[in-house]
Amino acid sequence: MMKKILMLATGGTIATLKTEEGKVPQLTSQELLRTVPEIREICQVETRQLFQLDSTNVHPEHWKKIARAILEQYDAYDGFVITHGTDTMAYTAAALSYMLPDARKPIVLTGAQNSIGERETDGRRNLLDAFLYASSDCAWGVTIVFDGQAMLGTRAKKLRTKSYHAFSSIGYPEVARIRDRKVYPVLPVPEGLGRPVANLELDPLVFVLKLIPGIQPDVLRLLRPAYHALIVEGFGVGGVPYYATADFAREVGAWIEAGKVVIMTTQVIYEGSDMSVYQVGHQIKQTYGVIEAYDMTLESVVTKTMHLLPRCRDLTEFRTRFLTPVAHDILLPAER
Ligand SMILES: NC(=O)C[C@H](N)C(=O)O
């Protein structure tokens with residue numbers, strides 16, 4: 001029997017038309033679907049237009065809207081395809097992985113680098129692949145399907161601004177490959193999946209600070225009252241600068257003393273942090289108890305933090321839950 005898939009359209013380049021001010025998403029879910037008639041041969045499709053935005057304008061309230069739409073219709077469909085702009089797709093995918101954990105049914109995000117209406121486009125292939133994957137028995141959980149790969153929502157990252165091979169799975173294998181209209185699973189379906197329990201509350205008061213050589217720590221003092229968590233994107237395997245003129249570590253420590261979450265991650269895309277290697281990382285971790293993000297993507301660090309802040313009573317509970325893997329977002333110590 002044909003699978004029943006719900007398509008949720010949210011905008012993005014895939015749905016754009018050109019205007020004098022640049023591309024604007026305007027094509028509706030039905031119009032997108034009509035450009036790929038083969039999809040009707042694979043599955044039964046119903047569509048909903050959730051919003052119509054360049055993903056630059058998508059924020060946590062939109063993630064909740066998507067999650068709610070899926071939860072409301074979860075029992076009525078076999079899977080979900082979400083069309084979305086590529087620029088913040090990895091954030092939406094990571095957020096949905098925490099908001100709808102352990103979903104057995106596939107929740108597949110896709111989009112394109114060129115509008116589906118253009119002659120030269122990756123849109124039609126990506127949309128077809130998303131439906132092929134969402135209709136296959138080996139599909140599960142939150143993924144991004146792009147350029148022939150299905151990647152975990154907690155591991156996918158946009159690495160190219162223009163070319164079709166825009167996303168890669170960072171630090172973990174892709175879930176499946178899609179080629180010549182066939183789905184080739186790479187990872188097995190995990191045990192223990194089912195109907196996701198709603199986890200929609202998020203705390204967006206999270207700040208990401210990217211270090212540059214010579215950065216002064218004063219900014220941390222100014223930001224502290226306004227945010228509940230600070231994510232420091234450091235250099236290499238991780239650490240903070242100890243300039244003779246400025247004590248960065250003390251300003252970071254003041255956040256923790258104020259009961260706020262501080263997480264150290266790295267600007268380097270591959271292989272993650274290891275703050276035990278250098279004195280600049282070791283000291284701050286030992287002295288102040290900064291939480292380390294290891295091999296997680298920045299998108300997962302940010303959205304997991306937003307997800308955990310309202311759920312944890314104290315920093316100890318936050319640390320434990322942050323370091324507990326969800327949808328393979330972080331490797332266990334023995335696997336690193
Ligand atoms: N390729 C794209 O979809 C980029 C677009 N600016 C968006 O994220 O909505």
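Helices are DSSP runs of H or I with at least four residues, numbered from the N terminus. The exercises below concern a predicted model.

**Exercise 1. Locate valine 280 and describe its surroundings at the surface.**

Step 1. Valine 280 belongs to helix 8, which covers residues 279–288.

Step 2. Partly exposed residues lie between the cut-offs of 20% and 50% relative accessible area. Valine 280 has a relative accessible area of 37%, so the residue is classed as partly exposed.

Step 3. Together with Tyr242, Val277 and Tyr278, Val280 makes a nonpolar surface patch of about 360 Å².

**Exercise 2. State how the chain is divided into domains and how many residues each domain gives to the contact.**

Step 1. The chain has two assigned parts: domain 1 (3–185) and domain 2 (206–335).

Step 2. Taken over C-alpha atoms, the centres of domain 1 and domain 2 are 30 Å apart.

Step 3. Domain 1 supplies 17 residues to the contact, and domain 2 supplies 19 residues.

**Exercise 3. Identify the residues that touch the most other members of the largest nonpolar core, and trace where the core residues come from.**

Step 1. In soluble globular proteins, nonpolar side chains tend to be buried together.

Step 2. The largest nonpolar core holds 55 residues. Those touching the most other members are Ile70, Leu96, Ile107, Ile144, Ile263, Phe318 and Phe322.

Step 3. Helix 4 (residues 89–99) makes the greatest contribution to this core, namely 8 residues. Domain 1 (3–185) and domain 2 (206–335) each provide at least three residues to the core.

Step 4. For isoleucine 107, residues up to four places away in sequence are set aside; the residues touched are then Ile70, Phe80, Ile82, Leu96, Leu100, Gly141, Val142 and Thr143.

Step 5. A separate, second core contains 32 residues, among them Ile116, Ala139, Val145 and Val175.

**Exercise 4. For the salt bridges of arginine 181, arginine 125 and arginine 221, name each partner and determine whether the paired residues are buried or partly exposed.**

Step 1. Side chains of opposite charge can pair when their charged atoms come close. The cut-off is 4 Å between a side-chain nitrogen of Lys or Arg and a carboxyl oxygen of Asp or Glu. By this rule the model has 16 salt bridges.

Step 2. Arginine 181 pairs with glutamate 38, with 3.7 Å between the closest N and O atoms. This pair links distant parts of the chain, 143 residues apart: arginine 181 is in the loop between strand 11 (176–179) and strand 12 (182–185), and glutamate 38 is in the loop between helix 1 (29–34) and helix 2 (39–42). Arginine 181, at 43% relative accessible area, is partly exposed; glutamate 38, at 25%, is also partly exposed.

Step 3. Arginine 125 pairs with aspartate 147, the closest N and O atoms lying 3.3 Å apart. Because arginine 125 is in helix 5 (residues 123–134) and aspartate 147 is in the loop between strand 7 (142–146) and strand 8 (149–152), the pair ties together parts 22 residues apart in sequence. Arginine 125 is partly exposed at 38%, and aspartate 147 is partly exposed at 23%.

Step 4. Arginine 221 and glutamate 251 meet in a salt bridge of 3.0 Å, N to O. Arginine 221 lies in helix 6 (residues 218–223) and glutamate 251 in helix 7 (residues 248–257), so parts 30 residues apart in sequence are tied together. Arginine 221 is partly exposed at 46%, whereas glutamate 251 is buried at 8%.

Step 5. Arg125, Asp129 and Asp147 form one network through salt bridges that share partners.

Note on methods. Residues numbered from 1 in each chain as written. Predicted model: local features only at pLDDT ≥ 70, side-chain atom pairs only at ≥ 80, totals over all residues. Heavy atoms only, no water. Core = buried A, V, L, I, M, F, W, Y, C linked by side-chain atoms within 4.5 Å. Buried < 20%, exposed > 50% of the residue type's maximum accessible area, 1.4 Å probe, protein only. Helix = DSSP H or I, 4+ residues; strand = E, 2+ residues; numbered from the N terminus. Domains from an automatic or database assignment. Contact = heavy atoms within 4.5 Å. Patch = residues over 30% accessible without salt bridge, like charges linked within 9 Å, V, L, I, M, F, W, Y side chains within 5 Å. Areas by Shrake-Rupley, 256 points an atom, 1.4 Å probe, with all protein chains shown as cover.
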